[in-house]
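The following paragraphs lead the reader through selected side-chain contacts and one sheet. Please keep the sequence and the model in view while reading.

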Amino acid sequence: MELHQKEISIDSHNHGLLKLKPTQKPYNCGGCKEPEFDLQTCYQCLKCDFHLHKECVPSPYPFYLGLISCDLTFHSDPRGNIIACDACGKHVRGSFYQGFSCGKLRYLHPCCAKLPFKRIDNGGMVLDLKEKTSLVCLICENQGHSKDFKSWAYVPRSSGTNYCYHVSCVKEKVETWKTMEKDSNQRQSYGPGGGAGTSGGALVTKPTRRQSGRGEKVLDFLDMAVEIFNIVVSLLFGLPPLPFSLVVKWLRRNK
């Protein structure tokens, strides 16, 4: 478990010490410039609205990332270079880690560089983080991407599962949804038939299991797919489970 100092100072922010404490609202990290919805601890300025991921604290020491067999060094700014994160495919706009392996430069958002390689949920389900996989992403179905598409993926280790979730696809869906939720300023949860939209973390009732045979297998598949999706969301954003019906809608977008 990585330990963090309770107070730090960084050269890029001149208001003195930043204190490590729980945040009260979503924020854009002052280091990597990425949005954050996890209301857990981060470094905060007491004089302004500056927030900093724990992962984005500048470090003079390289660290080794076994997933890509690479030593990574911290950089505070891309300095006008157009680069994309290997893990999520998004543009790097602020701090990042850089390394070299397999004959090419590697770029990673600090939070992406420190994604867990493996996650075991309370039910014993295991997800592995993979740099590459031939499995089909349940969100994008491996369609609509350019030849330069980049994304790591979380892959269920369970026997019988032949799909994955791209880190990039999960981040895009959740960030878009949370932005829309913020813009609409909706704070109320709705159940089935209760109106337009759902609020973060409010679980909507799952379909009643009245089907048999193939219909029941479809429900079992959806249950597992939504469960795995929410595990990945927890890993990336620290969010509670997203509404069942919302995730199913995303997964069925091309159906």
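In this predicted model, K114 is placed over the face of F63, at 5.6 Å from the ring centre. The lysine thus counts as a charge over a ring, because the cut-off for the distance to the ring centre is within 6 Å and the position must also fall within 35 degrees of the ring normal.

Contacts between aromatic rings come next. A search of the whole structure yields seven aromatic pairs. In one of them, the ring centres of Y165 and F229 are 5.5 Å apart and the planes stand at 75 degrees, so this pair is edge-to-face; the class applies to planes over 60 degrees apart. The contact links distant parts of the chain, since Y165 belongs to strand β15 (residues 163-166) and F229 to helix α3 (residues 214-237), with the two positions 64 residues apart in numbering. Both Y165 and F229 are buried. These two residues also belong to one aromatic cluster, together with Y163 and W250.

Strand β15, which carries Y165, leads on to the sheet. Five strands make up an open sheet with mixed pairing, in the order β11-β12-β14-β15-β13. The edges are occupied by β11 (118-120) and β13 (136-137); each has a single partner strand, so one side of each is left without a neighbour in the sheet. Strands of a sheet pair through backbone hydrogen bonds, either parallel or antiparallel. For β11 and strand β12 (residues 126-130), the arrangement is antiparallel, and three bridges join the two. Within this pairing, R119 has L127 of β12 as its bridge partner.

Terms used:
Residues are numbered from 1 along each chain as its sequence is written. This is a predicted model: local features need pLDDT of at least 70, side-chain atom pairs count only at pLDDT 80 or more; totals for chains, interfaces and linings use all residues. Side-chain values use heavy atoms; hydrogens and water are left out. Rings of Phe, Tyr and Trp (its six-membered ring) pair if their centres lie within 6.5 Å; planes under 30 degrees apart count as stacked, over 60 as edge-to-face and the rest as tilted. Helices (H or I, at least four residues) and strands (E, at least two) are DSSP runs, numbered from the N terminus. Buried means under 20% relative accessible area, exposed over 50%, partly exposed in between (1.4 Å probe, protein chains only). Two strands pair if DSSP finds at least two bridges between them.
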